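Q: Could you walk me through reading a fold like this one? I would like the general idea each time, then the case at hand.

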Amino acid sequence: MPLEIAVMQGKQTKEIAGCFDDLEEALSEFNELINRRNWNQSVTAISLTDTDKNKCLAQYALQDFNHSQS
C-alpha cells in the first residue's frame, strides 16, 4: 500500500514530506511530525494518505505547541 505524508500550508498548499510502502514506517514518521516543535505558523496540518485508493487515513491539525515561538 503506497502511503504519502503531506504537510499542509493554509488550506490550499501541500508539500509531500515522504512516501512509504510500509504502514509501520509511515505511522512512525507521521507521529514524529505530529510531535515536532518549531513549525512555521503557516503550516496547519499533517496528513497520511493511501495513494492507491486516494483516501486520507489520518490528518492532524497542528496545535499551539507545535509552532515556533517567535
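Q: Why does Cys-56 form no bond with the closest cysteine sulfur?

A: A disulfide is a pair of cysteine sulfur atoms within 2.5 Å. Here the sulfur of Cys-56 is 14 Å from the closest one, in Cys-19, which is too far for a bond. A search of the whole structure finds 0 disulfides. Before we go on: this is a predicted model, where local features need pLDDT of at least 70, side-chain atom pairs count only at pLDDT 80 or more, and totals for chains, interfaces and linings use all residues. Residues are numbered from 1 along each chain as its sequence is written, and side-chain values use heavy atoms, leaving out hydrogens and water.

Q: Is Cys-19 buried or exposed?

A: Buried means under 20% relative accessible area, exposed over 50%, and partly exposed in between (1.4 Å probe, protein chains only). Cys-19 is exposed at 57%, while Cys-56 counts as partly exposed at 46%.

Q: In what order do the strands form the sheet?

A: Strands (E, at least two residues) are DSSP runs, numbered from the N terminus, and two of them pair if DSSP finds at least two bridges between them. The order in this open sheet of 4 strands is E2-E1-E3-E4, with antiparallel pairing. E2 and E4 (55–61) are the edge strands, each pairing on one side only.

Q: How many bridges join E1 to E2?

A: There are 7, between E1 (residues 3–9) and E2 (residues 13–20). One pair is Gln-9 with Thr-13. The two strands form a hairpin with 3 residues between them, and Gly-10 in the turn has a positive phi of about 70°.
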